[in-house]
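Work through these exercises with the model open beside you. Try each task before you read its solution.

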Amino acid sequence: MSTLIKLSARLYDPVLGRALKPLRQAFVRALPEDRSLRILDLCCGTGDQLRAFERAGYGDLRGLDLDPGMLAVAKRRSGTIPFDEGDAAHTPYPDASFDIVTLSLALHDKEQSLREAILTEAYRLLKPEAYILSADFAFDERTRFMGRFLITAVERFAGGEHYENFKDYVRRGGMKNILPGGDVDIAETARVLNAGIALWKIRHRR
Ligand SMILES: C[S@@+](CC[C@H](N)C(=O)[O-])C[C@H]1O[C@@H](n2cnc3c(N)ncnc32)[C@H](O)[C@@H]1O
């Protein structure tokens with residue numbers, strides 16, 4: 001995260017919350033029906049995605065983020081959902097302890113080595129047959145001009161390393177090209193924000 005957005009954790013939801021609502025809903029639609037699933041949101045930010053899961057009836061939720069400012073907002077707004085401060089590449093949770101790991105806009109802003117480390121950690125945390133739901137930017141022939149324009153403007157505003165990493169992510173061609181090696185199924189399940197954000201289901205076969 002850029003210094004500006006870091007300083008503005010309290011502004012994250014007021015500024016981006018409305019625009020990201022279709023993404024929050026797309027994640028909910030992509031979840032299995034079973035409301036007892038254990039769900040971990042890595043790089044959870046202000047916890048907005050977890051609150052959408054909670055409103056939809058999912059009860060076994062947990063969030064982790066590195067930034068204390070984001071977590072302070074998350075804890076204040078989220079009531080009973082537990083949040084942990086830590087690095088998503090090295091979490092304190094046991095192997096195979098979650099049914100779903102979500103990554104919402106959690107990879108484009110990082111360097112490729114950290115993206116791979118976070119995804120590898122997510123594979124470790126998932127039960128057999130479980131999967132990651134990851135949403136991030138997707139610029140291709142389906143993306144409408146306004147989606148590309150607005151997303152690029154926000155990322156440029158974020159600036160610094162965040163913007164450099166965003167450009168690297170776009171250059172690589174999106175999610176399927178940032179996965180670490182291994183036997184992985186990846187399927188796109190939804191598009192939102194003028195088709196500028198895609199949601200992928202990622203299953204790592206051990
Ligand atoms: C673009 S924000 C996305 C926040 C949230 N997932 C959402 O959908 O609104 C990226 C988040 O990644 C967090 N982050 C950055 N590096 C991290 C790391 N190594 N481990 C955990 N969280 C990290 C930032 O603090 C920030 O909250």
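The exercises below go from the whole chain to single residues. The model is a predicted one.

**Exercise 1. The whole protein**

Task: Find how many helices and strands the protein has, and in which pattern they follow each other.

Solution.
- Step 1. Count the elements. The protein has seven helices and seven strands.
- Step 2. Read along the sequence. The pattern is α-α-β-α-β-α-β-β-α-β-α-α-β-β.
- Step 3. Look at the extent. The C-alpha trace spans about 40 × 40 × 30 Å along its principal axes.
- Step 4. Test for compactness. A compact globule of 206 residues would have a radius of gyration near 17 Å. The protein has 16 Å, so the two values agree.
- Step 5. Check the burial. Of the 206 residues, 39% count as buried.
- Step 6. Check the contacts. Take those between residues at least 6 apart in sequence: 72% of them join residues at least 24 apart.

**Exercise 2. The order of the paired strands**

Task: Trace which strands pair with strand 1, and in what sense they run.

Solution.
- Step 1. Start at strand 1, residues 38–42. Five bridges join strand 1 to strand 2, residues 60–65, and the two run parallel.
- Step 2. Find a pair of residues. D41 has G63 in strand 2 as its bridge partner.
- Step 3. Turn to strand 4. Four bridges join strand 1 to strand 4, again in parallel. Here L40 stands opposite V101.
- Step 4. Go on from strand 2. Three parallel bridges link strand 2 to strand 3, residues 83–85. G63 stands opposite F83 in strand 3.
- Step 5. Go on from strand 4. Six bridges pair strand 4 with strand 5, residues 126–137, in the parallel sense. T102 has L133 in strand 5 as its bridge partner.
- Step 6. Put the pairs in a row. Strand 3 pairs with strand 2, strand 2 with strand 1, strand 1 with strand 4, and strand 4 with strand 5.

**Exercise 3. The crossovers**

Task: For strands 1 and 2, name the helix in their β-α-β unit and give the handedness. Then do this for strands 2 and 3, and for strands 4 and 5.

Solution.
- Step 1. Strand 1 leads through helix 3, residues 48–55, to strand 2. This unit is right-handed.
- Step 2. Strand 2, helix 4 (residues 68–78) and strand 3 make a right-handed unit.
- Step 3. Strand 4, helix 5 (residues 112–125) and strand 5 also make a right-handed unit.

**Exercise 4. Strand 4 and the ligand**

Task: Decide whether strand 4 is largely enclosed or open, and find which residues are closest to the ligand.

Solution.
- Step 1. Take strand 4, residues 98–104. Six of its seven residues are buried, so the strand is largely enclosed by the rest of the structure.
- Step 2. Turn to the ligand. 17 residues surround the ligand. The closest are C43, G45, D67, A88 and S104.
- Step 3. Sort the shell by class. The shell has nine nonpolar, three polar and five charged residues.

**Exercise 5. Two leucines with positive phi**

Task: Compare L105 with L193: is each buried, partly exposed or exposed?

Solution.
- Step 1. Recall the rule for phi. Most residues other than glycine have a negative phi.
- Step 2. Check the angles. Phi of L105 is near 50°. Phi of L193 is about 55°. Both values are positive.
- Step 3. Place the residues. L105 sits in the loop between strand 4 and helix 5. L193 sits in the loop between strand 6 (184–192) and strand 7 (197–204).
- Step 4. Count neighbours. L105 has 18 C-beta neighbours inside 10 Å. L193 has 23 other C-beta atoms within 10 Å.
- Step 5. Apply the cut-off. Buried needs 20 or more. L193 is therefore buried, and L105 counts as partly exposed.

**Exercise 6. Two charged residues**

Task: Decide whether R29 and E33 are buried or exposed.

Solution.
- Step 1. Locate them. R29 is in helix 2, residues 9–30. E33 is in the loop between helix 2 and strand 1.
- Step 2. Count neighbours. R29 has 10 other C-beta atoms within 10 Å, and E33 has 6.
- Step 3. Apply the cut-off. Exposed means 12 or fewer. R29 is exposed, and E33 is exposed.

Key
Residues numbered from 1 in each chain as written. Predicted model: local features only at pLDDT ≥ 70, side-chain atom pairs only at ≥ 80, totals over all residues. Pairing = 2+ DSSP bridges. Right-handed = clockwise from strand over helix to strand, strands pointing away. Near = placed C-beta within 6 Å. Nonpolar A, V, L, I, M, F, W, Y, C, P; charged D, E, K, R; others polar. Rg over C-alpha atoms; globule rule 2.2 N^0.38 Å. Contact = placed C-beta atoms within 7 Å.
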